[in-house]
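Here is a short note for a first look at this structure. Please read the points with the model open.

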Amino acid sequence: MDTQPIPPLTDNTHFLMFSFDLDSGRITDTNQLFRQRFKFLSIKGTFEDFLKHLHAQDRDRLLSLLPFSEHKAIQGLILRFFLGEDIRHLKCNFYPIKQGGQVFALIEDITQNVEYNDNLLKHNAKKNAILTILSHDVAGALSTAVNLIDLAQRKAQLGEVQMVQEALTAAKDICKSNISMIRTFLKKEFLATLSVPLNTDRHDIVHSLRNLSDQYKVMQSELGIEVLFRSNKEHIYMETDRDKLIQVFNNLISNALKFTPKGGTVTLCATEKETVIELSVQDNGIGIPDHLKEDIFTKFSLAKREALNGEDSHGIGLWVIKIMVEWLGGNIHFESQENKGTNFLVTFFKGTSKVGDKLT
């Protein structure tokens, strides 16, 4: 037998209403909105059928509050209800009715509010990530640019014009890259779409990464650390956001230099394989202790430590790098042994990252 409608007055409300029999569990009365949303329950449905569509955790929570009694109402319970692939968030009140051994359910669909709050949280998290990246990366890049300018000033006093030009060119490239990155992050569409806008284009990453390593080679006599670049191919083409990719490896190289003693080597590598492109920064520095490895990519990581030359660490550098790699569609992991060095490997799969084919 089909369920009976709850009095017509209830059809002028945004609440879903139904009642069910405590003994049989059969749904006995419904309002129009309930019948529209949950037609399959309003026809020979039972409270057990209602339970089957709940998220397992929410179902267990509701059942833990049972059995109903005439003195025990359940109010304000948020339940996740599945309709196929669609999920609805329901704010439920259950009122036992003394007469007839029934329970009256008053339900408000708050899905829109929940999704709005979730999007707001995602927006705030994304905004905080952007601010952290800008504050961290720009500060680091400007520090490198200042060192290059100091080098240029010293070489100018010695009349070494070529070195002055190279240092100033490297500083200019760093500043231009960071200006471009800032402008990208501040685009209105980022805040509107809650996603990171990528200015992707086809690039020869061998050319870009070699130029990056050359910027550090200008300073290697001052650093006392050799900076090398290697590639298994003369050209490797990849569709990516060049500025963000360079920022990732600028950070990785800077980080490697902090933990590599004088006389050491930092090597930037680009390798194209059949299905992936692998980019890495390897050093033969002091390595990462085992007890710090687990938290190395965590924001404000406990793995932060003072660099060899006393530079401070805020514990967010590798967290920033991981976020940017993921935005670019890649993944990052590392291998490290104390007193032997560290290798950070960034991998892009050709099938998903649109990489590896030469632009014609």
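Is C269 buried or exposed? The points below begin there. Keep in mind that this is a predicted model.

1. **Two cysteines.** C269 is buried, with a relative accessible area of 16%. The cut-off for buried is under 20%, so C269 falls within it. C92 is buried as well, at a relative accessible area of 0%. The count of disulfides is zero.

2. **A contact of C269.** S280 is found in strand β11. Beyond its neighbours within four places in sequence, S280 touches C269. The other contacts of S280 on that basis are F249, T267, L268, N343, F344 and L345. S280 counts as buried, because its relative accessibility is 10% and the cut-off is under 20%.

3. **The sheet.** Five strands make up an open sheet. Their order is β8-β10-β11-β13-β12, and the pairing is mixed. β8 (226-231) and β12 (331-337) stand at the edges. Each has a single partner strand, so one side of each lacks a neighbour in the sheet. From one strand to the next, the twist averages 15°.

4. **Helices on the sheet.** Helix α8 (residues 205-217) packs on the sheet and touches β8, β10 (265-272) and β11 (276-283). The direction of α8 makes about 170° with that of β8. Helix α12 (residues 317-327) also packs on the sheet, where it touches β12 and β13. The direction of α12 makes about 140° with that of β12.

5. **The β12-β13 pair.** How many bridges join β12 to β13? There are seven, and the two strands run antiparallel. Strand β13 covers residues 341-349. F334 stands opposite F344 in β13. F344 is also one of the contacts of S280. The two strands form a hairpin with three residues between them. In the turn, N339 has a positive phi of about 65°.

6. **The two faces of β12.** Which side chains of β12 are buried? They are I332, F334 and S336, which point to one face. N331, H333, E335 and Q337 point to the other face and are not buried. In a regular strand, side chains alternate between the two faces of the sheet. The side chains along β12 do alternate.

Definitions and conventions: Residues numbered from 1 in each chain as written. Predicted model: local features only at pLDDT ≥ 70, side-chain atom pairs only at ≥ 80, totals over all residues. Heavy atoms only, no water. Pairing = 2+ DSSP bridges. Helix = DSSP H or I, 4+ residues; strand = E, 2+ residues; numbered from the N terminus. Axes fitted to C-alpha atoms, helices over the stretch in contact; angles between N-to-C directions. Contact = heavy atoms within 4.5 Å. Buried < 20%, exposed > 50% of the residue type's maximum accessible area, 1.4 Å probe, protein only. Disulfide = S-S within 2.5 Å.
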